[in-house]
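This briefing goes with the sequence and structure displayed below. The points that follow are grouped by topic for a first reading.

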Amino acid sequence: MIEDAINADDIDILTDNLPARSGDVLPGVIHLLPVTTRPFFPGQAVPLLMNDEHWEETINAAHESRHGILGIVMADAETSESATPEDFRRIGTACKIHRTQKVEGRLQVLVECLQRFRIESFLSRETPFRAQVRYFSEDTATPTDEIKAYAMAVINTIKELVPLNPLYGEELRIFLDRLWPDDPSHLADFAASLTTADRFQLQEVLEEVELLPRMEKVLLLLNKELELAKTQNQIRKTVEEKISTHQREFFLREQLKTIQQELGLEKDDRTAELDKFRERLEALTLPAAASRRLEEEMQKLSILETGSPEYALTRNYIDWITLLPWGRHSQDKLDLAEARKALDKDHYGLDDVKKRILEFLAVGMMKGEVSGSIILLVGPPGVGKTSIGHSIAEALGRTFYRFSVGGMRDEAEIKGHRRTYIGAMPGKFIQAMKEAETANPVIMLDEIDKIGASYHGDPASALLEALDPEQNSDFLDHYLDLRFDLSKVLFVCTANQLDTIPAPLRDRMEIIQLSGYIAQEKLQIARKYLLPRQLKRAGLKRNQIRLNTPALRAIIDGYARDAGVRRLEKQIGKIVRKAVVRILDKEPTPIVVEADDLADYLGSPIFRDERNLTGPGVVTGLAWTAMGGATLSVEAARTHSFNRGFKLTGQLGEVMRESAEIAYGYIVANAARLGADPAFFENAFIHLHVPAGATPKDGPSAGITIASALLSLALDKPVRNIAMTGELTLTGHVFPIGGVREKMIAARRANIRELILPEENRGEYQEVPDHIRKGIKVHFACSFDDVAPLLFGKGK
C-alpha cells in the first residue's frame with residue numbers, strides 16, 4: 001500500500017529549494033508508480049509512504065535518472081502491489097523526487113507534482129514499470145472573463161470552507177506559499193485536492209485537460225464539500241448541546257435523589273430486589289407448591305434487615321428459584337432430514353450409531369415431541385461420543401449443557417447441599433437447568449463409568465432418581481427443597497466401558513455402542529475434518545502444506561492405531577506445528593510431507609506390526625480393551641523334561657489364568673483324539689506367555705487361543721495366519737464372547753483375513769457393517785473339535 005500525508009518539515013524542504021516548474025523540459029520515458037487511494041494534481045507536494053521491498057527498485061531507478069522524474073498514476077486495483085498495466089488509468093501526473101529515506105522498514109519519498117501526461121505505451125510491463133508518455137502543457141494564456149468568474153467562485157467557496165474546518169486554512173496557506181493565486185489551472189487542481197471526493201471523481205478532474213470544463217467539475221465538488229462541512233458542523237453543535245443537557249439532567253437527578261431520600265420516597269435495595277424477582281416471575285409458570293414457598297420466602301425477605309446473614313441466604317434462595325426455567329420449553333425441530341444432516345456434518349462413518357439415534361428421534365417426531373430419555377454412548381476414547389451429543393442437540397434445536405461426573409464422590413454434587421450449610425448450592429442438574437434457560441435441554445453426563453463413591457455418599461445411586469423417567473418428573477434437590485420436572489430433559493451419557501456402571505443405573509439407559517474406526521475411515525476423517533481443523537488453528541491455508549495419502553496411512557498405521565481419532569489429530573497437529581516453523585523460516589511452500597518424512601516430524605513409529613511371532617506353539621488371539629480391539633499373541637514352549645508342570649506369565653488376571661488351566665487340562669485329556677502324542681505332556685514343563693509382559697490382561701475369551709497354542713506345541717506344527725477368540729469349557733464347548741466388531745477391526749488392522757468365532761456370536765457378526773466384514777473369512781465353532789481342523793493346512 002502507498003500512503004500520503006504532508007507535514008511542515010516537508011514544506012520547508014520544498015520552499016528552501018527552488019521548486020521545479022511545469023514548463024521545465026520533461027523526459028518522454030519515465031518510470032511509473034501506481035496508487036489506489038486518490039490521484040495527485042500538479043502543484044501538490046506529497047510525501048509517499050510505501051512498501052520498500054516492492055517499490056524500492058522503482059524509486060531508485062527514477063531518482064537516479066537524469067531528470068529525477070516519476071509518473072504517479074491511479075490504478076483500478078485492490079492494492080498498488082497487485083496493479084498490472086491493464087489497471088493503470090491513461091492520465092497521470094509527472095512528479096520530481098526531492099527526498100527518499102527509509103523509516104522503520106518502509107520507504108518515504110517526497111515528491112513535487114508538476115504536469116499531466118498521457119501513457120502512450122508501456123516499455124516495461126513488470127515492476128519497475130516504464131512507459132512512453134506525452135505531456136499536456138498548462139494553459140498560460142490570459143484567462144477569459146468566464147474563467148475569471150469561475151476562479152472567483154472557487155475562491156469564495158474556499159473562503160466559506162475555511163471557518164468550518166481549520167485544516168482547510170492550513171492547506172490554503174501551503175498553496176499560497178508555493179504557487180500564485182492568479183493561476184486558474186493550479187487553483188482548480190488545488191481546490192479539487194482539497195475535497196474529500198472519491199478517487200474516481202478526482203480522476204475525472206485530473207483527466208479533464210481543458211480548463212473551463214475542469215473548473216466546472218471542481219466547483220461542483222467544492223459545493224458538495226461545503227454542504228458536507230456545514231452538516232458536520234451542525235451535528236457537532238447538536239452533540240455538544242446534548243452533552244450539556246445530559247450533564248444538567250445528571251446534576252438535577254442527583255439533587256432529586258437526595259430530596260427523595262430525605263422525604264423517604266425512594267425505594268431501598270430490598271424493595272428493588274423484590275420488584276426484580278416479581279418481574280422474573282411474570283414469565284414463568286410455577287407449580288402451586290413452588291409458588292407458595294416462594295411467596296413465604298419473599299414475605300420473609302421483606303421484613304429482614306439487609307445486613308443480616310439470613311437476608312443474604314434468603315435472597316440467594318429466591319434468586320435461584322426465579323432463575324430456573326419453570327414451564328419454559330424450547331420448540332423442537334421435528335425434521336428427520338435436518339437431524340440426519342446434523343449428524344453427518346461432523347461425523348464420518350458410524351452408520352449403525354447414526355441409524356440408532358435417528359430411530360430414537362423419529363419416534364419422538366412421530367409423537368410430536370421428543371420426550372425425556374437417557375442415551376448411553378459407549379466406546380473407546382476419541383470416537384466422537386461428546387460431539388454426537390452436540391449434534392443431537394443441534395438436530396433438535398435444543399440448548400446443550402455438558403458436565404463430567406468422572407471422579408465425583410459426593411452425592412451433594414448431584415442433589416445439592418441442604419441450606420443449613422454455609423455456602424450451600426444446588427446440585428449439578430439444577431445448575432444445568434439454570435444455564436440452559438429451558439426445561440427441555442440436552443444434558444450430557446461425561447465419563448459416567450468413572451463416577452466414584454466415598455463416605456460422603458454414592459453419587460451413582462443419587463443419579464437413579466434424576467435419570468429414571470418414572471421418577472424425574474418430581475426431582476427433589478436438597479437446596480431448593482422443591483420438586484422440579486426433569487422429565488422433558490434428554491440425557492446423553494458417555495462411557496468407555498459398561499462394567500463399572502452400576503446395573504440399576506445401566507438398566508435405565510438406551511445403550512448405543514461406538515466401536516471405533518477402521519483405517520479407511522480414519523483416512524477419510526483425517527482428510528475431511530482433522531487436517532482442515534488443524535490448519536485453521538495454525539492460521540495456515542490449505543495450499544501451504546500438503547499431506548498426501550501415503551503419509552496419512554503411515555501415520556494411522558504407525559502412530560495412531562487406537563480405535564478413536566484423538567491420537568491421530570494430535571499427530572497431525574504436531575506435523576502442522578513443525579511445518580509452521582519451516583514456513584516462518586522462509587522455506588518455500590507448499591511444505592510437502594511424505595511417508596518417508598514422518599520420522600523427522602513424529603519420531604520413530606509408536607506401533608509395530610502386531611503379527612510378528614510365528615512358529616509351533618504361537619497363536620494369535622483377539623482381545624477387547626477400553627481402547628478398542630487388539631491382537632494378542634500367545635506363546636507356549638516346552639522348557640524342560642525334568643518334571644511335569646505348567647507356568648503362566650504375562651500379567652494374566654485371575655479369570656485368564658483359570659481359562660489357561662482349563663485349556664491345559666482339556667488338551668492333556670484329549671491329546672490322543674486330537675492327533676497329539678499323550679506322552680508329550682507326561683514329563684513336559686510347559687511355559688505359557690502372553691506378550692507384552694507389562695500390560696495387564698484378563699478375561700475368558702482367550703480359552704481356544706491358549707488351547708490351540710498347546711496343541712500346536714504338542715504337534716510341533718505352526719498355526720496358519722488365522723486369529724481366534726472364544727471361551728473354552730472343560731468339556732471342549734466354545735462359549736460366546738463380547739466385542740466382536742472391535743476384534744474384527746483389530747484383525748483387519750493386523751492384516752489377518754481369517755478368523756474363528758463362537759457359533760453363538762453369529763448374530764453379532766451379522767450386525768457388523770459390511771465394510772468391516774468385507775475380505776475377512778470367518779469360521780464359527782461350537783466346540784474345540786470345530787477349531788482344531790482349521791489350525792493347520794488350508795482349513796475349510
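**Helices and strands in a predicted model**

Ile243 is partly exposed, because its relative accessible area is 46%, a value in between the limits of under 20% for buried and over 50% for exposed. The model is predicted. The notes below start from Ile243 and its surface patch, then turn to helix H10 and strand E2.

Surface patch
- Ile243 belongs to helix H7, which covers residues 211–263.
- Together with Ile235 and Val239, Ile243 forms a nonpolar patch on the surface.
- The accessible area of Ile235, Val239 and Ile243 together is about 260 Å².

Helix H10
- Helix H10 takes in residues 309–323, 15 residues in total.
- From its first C-alpha to its last, H10 reaches 21 Å, which is close to the 21 Å expected at 1.5 Å a residue.
- Buried residues of H10 include Tyr311, Tyr317 and Trp320.
- Also among the buried residues of H10 are Arg315, Ile318, Asp319 and Ile321.

Strand E2 and its partners
- Strand E2 spans residues 29–35 and is mostly covered, with 6 of its 7 residues buried.
- With strand E7 (residues 129–135), E2 pairs in the antiparallel sense over 4 bridges.
- In that pairing, Val29 stands opposite Gln132 of E7.
- E2 also runs parallel to strand E4 (residues 69–74), and 5 bridges join the two.
- Leu33 has Ile72 in E4 as its bridge partner.
- In a regular strand, side chains alternate between the two faces of the sheet.

Conventions:
Residues are numbered from 1 along each chain as its sequence is written. This is a predicted model: local features need pLDDT of at least 70, side-chain atom pairs count only at pLDDT 80 or more; totals for chains, interfaces and linings use all residues. Side-chain values use heavy atoms; hydrogens and water are left out. Patches are made of residues with over 30% relative accessible area and no salt bridge: like charges are joined within 9 Å, nonpolar side chains (Val, Leu, Ile, Met, Phe, Trp, Tyr) within 5 Å. Accessible areas come from the Shrake-Rupley method with a 1.4 Å probe; for residues, only the protein chains shown count as cover. A salt bridge is a side-chain nitrogen of Lys or Arg within 4 Å of a carboxyl oxygen of Asp or Glu. Buried means under 20% relative accessible area, exposed over 50%, partly exposed in between (1.4 Å probe, protein chains only). The expected span of a helix is 1.5 Å times one less than its number of residues. Two strands pair if DSSP finds at least two bridges between them.
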